[in-house]
Amino acid sequence: MSAGRAWAAGAGLDIPSAPRCVTQTRCWTPPVIPGHEARSVESLCWAAGDRLFGAGLGGDITEYDLSGLSAARGVDGGGGPIWSMVANSTGTQLAIGCEDGSVKIFQVVPGGIQFERNLDRRKGRVLCLSWHPSDTHIVAGSIDFFRVIDVTSGQTVQRIMVNYHVEKAKRECVVWAIALLSSGTVVSADSFGRVQFWDWEQGTLAESHTVSTSAVLSLAVAQEDSIIVGTSTGATYHLQLLPVRLGGLEKRWVRTKPFQFHSHDVRAVAHSPTALISGGLDAQLVIRPLMEKVQKKSYDAVLRKFTFPHRRLVSCARKARLLLFQFSQYLELWRLGSTEETGKDGEVLPLCRMPEHLVQLKSKGPEHIYSSCVSPCGTWLGYSTASRFQLYRVHCDGDGVSLRKVPKVPKLLPPAYQLQFSADSESLFVASARGSVHVFQLLEPGGCKHLHTLRPPSGCSEAVYLLAPSADGHWLAAVSGDWAIHIYNLKCFKHHCVVPTYDCAVSAIAIHPSTNNLVIAYSDQQLFEFSIPEKQYTSWSRTVQSRGLHRAWLERDSPITHITFNPKNPSHILLHDTYLLCVLDKSLPLPDDSALLMNQSTLKQLPETARKRQLHAFKICKKFQPLLFMDLLDKNCLVVVERPIMDFKTQLPLPVQQKKFGT
Amino acid sequence: MNLDKAFKATLSADVYRIHSLPQGGALVLFRGGAVRTLDVLLEAPQQEIENLISAEAIRWSGAFMEGQQPVLIFTTEKDRNFFVYVQKPKLCSLHKYKLEQQGSAKPLCFTAHITNQTVTLLCLYSNNSVYQVLIPLQQNTEEEEEKEEEILSKSLLLNLSVSGAVLKGTSLVVLDKDHIAVLGSLPEPGKKPKECLTIWNTKFQTLQTSKELPLGTSGQLWCYEEKFFLIHGKVLTVIMYKCETSSLAAAVGKLKDSQTLDVSSFVNWNTLEDEELVVSFQSQESVALKAESRMSLRSNRSTVAGQSGPLSVGQLLLRLKDSSNYVVETELKKLMAKAPTPDLQATIGCVVTALTDRCKRNPKFYPQNLLQEIVETRDLSYSLCPDLMAVALEQKDLHLLQMCLERFPDIPEEITYACLKAFLSVSEDHLKSVDVNLDSAICYVDVELNDMEVKTEILENGFSEEMDQDMCDTKIPQESRSVGESCPVGLQKAALLNAVLHSAYTETFLLPHLKNLPAQQAVLFLRYLYYLYVKCSEKVNTTLPGIRSPTINQIMDWMCLLLDAQFTVMVMLPEAKDLLSNLHKFVRAQVRFYSELNKIEGSLRELQRLNHLRESQTYSIEVLEII
């Protein structure tokens, strides 16, 4: 099987601008709210249960519509750029720290937030805030000092200079992160690399730990006796309050564990009961279990690293051999190269035609692109931002390519969370809010008509984020934010059935071209096969469930992001995640835990006759990493898009230089 | 001296004094005039001691070395007659002389020194005069034996009169051939006589200088290593002095310009005042008194004024010409302690040149430690002191040569060669006692042959046995190991040779000299180079451990050079044949090994290039087989 292979020159990262705080990491295929150029997010917080608020240098406080996956309401903070925002312990109030030195309290009310009052304003931007657990005081960190504000009176009751004792006081000392413990201790983390413990009532410095030579940027406290800090060198440090003597009462903060998992700034840290979590500018999320808190040697006890994105940013026009790359504010259309040669495994074949960058399409306005798609025949192209939906007709005249915008696209409520053309390129499915899917009919030479809107019969509040049409144009599967998979009959535009609920996020779906079986990949790495005509799981799927998948398969970190099929061999299912691509051969036995899951290299060394006994259903190839996209062009041609880590690291600001091994 | 081993021995006769001699051990002088070496005495403490002097009482005794012979001289008194005995305990010879009478005056103090087989005995008489008695040492003993009491004639050396007053001397020491020091008291009319230390020039019969000692002395004066020791009041005072060649001008106090040649300055108390070592506490009073006593004598006024500061370079150079080792050392230490000035380097160069000049003139003068210190602490170069290495070669000062080779950047090839030859020719036994810096060799030269396991282990790093045999069908590992096994030279010699390897040279100039190297030495040197080469090859990074150890390039360059220079000789020598053949095989094996490594390197490069190609190429079509 020869594989066409393209390397993306760049693809947008999902993290709009590395959020300054990480608060929840339960969901593995997180829904994505695309960003906005003018609204960088400096601070995020959960309040009033599960409402998410964000604030940034735009000066607005935005509540996010988690079911609609969009920024819902914005309120002007009124103090210039907002550097920090924290909710109180009950989640009823938000405090923001502004550029002008003010700290403002907002009341969280149903349907929005309401300005409550200003606290004492002092000169110097407020970079970080922390509520006392009893909500009586707020500590606000600025440049060179921090202050403690009494919430009831609104007055500053203590102001402490943090660089008072430092020789190098000529540089300003930025307090990047701060925490107020219930004991009255203030923990400050500053740009001199210090983590300091203050008694704010006395105004005295209790302890000072210089953990790094570069700035400490983030800080999180758990149980009042465990702190994790992240530095600009990409290191995280764990500090613990430990008794000086075993069994003694006197306790001290001790820097216990240093970790170096990131290459760039650690912008956010979080502390779960059993793990330290850090998110960095290098687009990685690291979960480091605390070994003393983990009882068994299990999946939980292993360090986890997540690289984003976990969704499809590339679409492929199989017949036209085009690839569409989605960046945050533009699209690129490429034509794949070709070869006339064949060769042995691993050989690089000479190209008879080079890949061709056909067109770059810039989206207008500051909004980031939500979704994009190119039709299988390569003649249609569509994308959507938060407020607009655009459809283009692609004209290939000789070597040149021209795009013509389709006029009078039916007005719908954007955004489109997912766009999908039918296999015959005659209709377009638009995933929309509240579980609805719009079906457009595409008209030659460049028109579009709204045909129907499919809705789940029981109604749904969440947006649809995955779509899968069948090759024969008969069926459409749609996954919404509540993880329910609805199947519609496109012949009569009727709801056909719903796949039995499985309490996990769906990461990819696809319908088999010949059997019309729906293959579902969940983010817990389970695989299901659901027969649409029979409205039930297939026997193979039941076998898989009863046998169980291989442990090594289940313990992978990155979810399956795309599923496709081999038209020549109906038993083949092709899947991929960030680190592997897999040909799942249903005709072969499933591997049990004792077998080697990644056995391709072993097989290649065996003679043909001996291979038979070793074969199992999972044929895994890890040659291409990290994998952004994979699709089958025709029976023996596979396109693979890699996103080299180095490639996007070079686009990041330089990390703080570190000495390594005395160089 | 080991005090733990001290034991008591009771002798059969009374001991007068024990003299110790620099190389001759200790001599015991008995009251009866007999002399025994301490060793002999301790072997049999109760041995009979003869009485040589019946009723005479020993007044003074002194011991000296004449050549390898200890000589003991003592004077005795009996009924106002004084006798001098000269004993050579090794030869069992004894001579007795009678001192010529001198009216009513009697000798108060003696001192003696030996020059040119002659004992010069100086006697301070109670008539305030110093007499000199010459006693020849080599006589035909047999004949002289017969004579009874040869009478020694004496000559007046000096009258201790100071501008009319007469110094009543109590002790006397000889400083050099023209100078003596006398401790005595000078009577002053109407006052208590004041005691003073005086130095006299015997050549010109003048008092050179004097120092008043107002607190009184015990009347005794000792002198060791250019220092006077005397008891001044309650204090042991140590006074340093210097003697310079006497000249008339200096003697009469007419020394005008201290910089003019042939004029020497004389003892100057004031410059040395700071160095007075006061052993016990000193009262304020005595300090005040000393300040008064700083008044110097008329004759020295001018010199005192000119020389109160540190010596100028010219003076220093003059002084270096003939002052004793100790003086030279202290002066130079002072100079070197000075803060670095731009011309200090040049000054030190001059000083070293002056020292080497003196060494050349007087082979006995060789301030080894001083020179080593200078070379070690100063960035000298060969051109700054061109004779230093020649002198060091002459003196066989290997350590100094090693230092020079390691430090001088501009040694002529001729000298380098001379050093090499000297190093190769010096015997290992002799080297054992020589102190050289072993840092460059100690880390890899195996002193013992018992660390076999360690080495075989290391060897595998460089090339394994099998691999070697694969590459060349001879049994090189065994052979090369047997040769490279142990260092052909001792540790000291290795360190010295390393210094040679380290020195800079130009092949063209060195080659003609190397041709003169005796064949045996050339083979030894080649053997050592081969050993180094094998040692180097054992390590992956082909460097030898240690400080200043030779690099592989230095070793190879010298090896090539030596082979170029000596090849015809080597080919002829039977003992070099094995060495050459082993060397050839080893080098061939190394060359093959490295060519293999080069191939691997090339392959790796190619892989890297391919990899790079893959990296840089953002688009490719590859064949992927999935089974």
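Two rings of Phe, Tyr or Trp count as a pair here if their centres lie within 6.5 Å. Keep that cut-off in mind as you walk through this predicted model.

Start in chain A by selecting Tyr502(A), Tyr522(A), Phe528(A), Phe530(A) and Tyr537(A). Ring pairs join these residues into a cluster. Turn on side chains and trace the links from ring to ring.

Now for the wider picture: over all chains, the whole structure holds 25 aromatic pairs. One of them is your next stop, so select Phe327(A) and Tyr330(A), whose rings are stacked, with 4.5 Å from centre to centre and 15 degrees between the planes. Add a surface and compare the two partners: Phe327(A) is buried, at 7% relative accessible area, whereas Tyr330(A) is partly exposed, at 26%.

Next, hop over to chain B and pick Tyr528(B) and Tyr531(B). Their ring centres are 6.5 Å apart and their planes meet at 25 degrees, so this pair is stacked as well. Show the cartoon and you will find both tyrosines in helix 20 (residues 519-538) of chain B; because they are three residues apart there, about one helical turn separates them. Are these two rings buried or exposed? Tyr528(B) is buried, with 0% relative accessibility, and Tyr531(B) is buried too, at 1%.

Stay in chain B for two lysines that sit over rings. Select Lys96(B) with Phe83(B): the lysine lies over the ring face, 4.6 Å from the ring centre. Then move to Lys154(B) and Tyr131(B), where the charged end of the lysine is placed over the tyrosine ring, at 5.3 Å from its centre.

Terms used: Residues are numbered from 1 along each chain as its sequence is written. Chains are lettered from A and ligands numbered from 1 in the order in which they are written. This is a predicted model: local features need pLDDT of at least 70, side-chain atom pairs count only at pLDDT 80 or more; totals for chains, interfaces and linings use all residues. Side-chain values use heavy atoms; hydrogens and water are left out. Rings of Phe, Tyr and Trp (its six-membered ring) pair if their centres lie within 6.5 Å; planes under 30 degrees apart count as stacked, over 60 as edge-to-face and the rest as tilted. Buried means under 20% relative accessible area, exposed over 50%, partly exposed in between (1.4 Å probe, protein chains only). Helices (H or I, at least four residues) and strands (E, at least two) are DSSP runs, numbered from the N terminus. A charge sits over a ring if NZ of Lys or CZ of Arg is within 6 Å of the ring centre and within 35 degrees of the ring normal.
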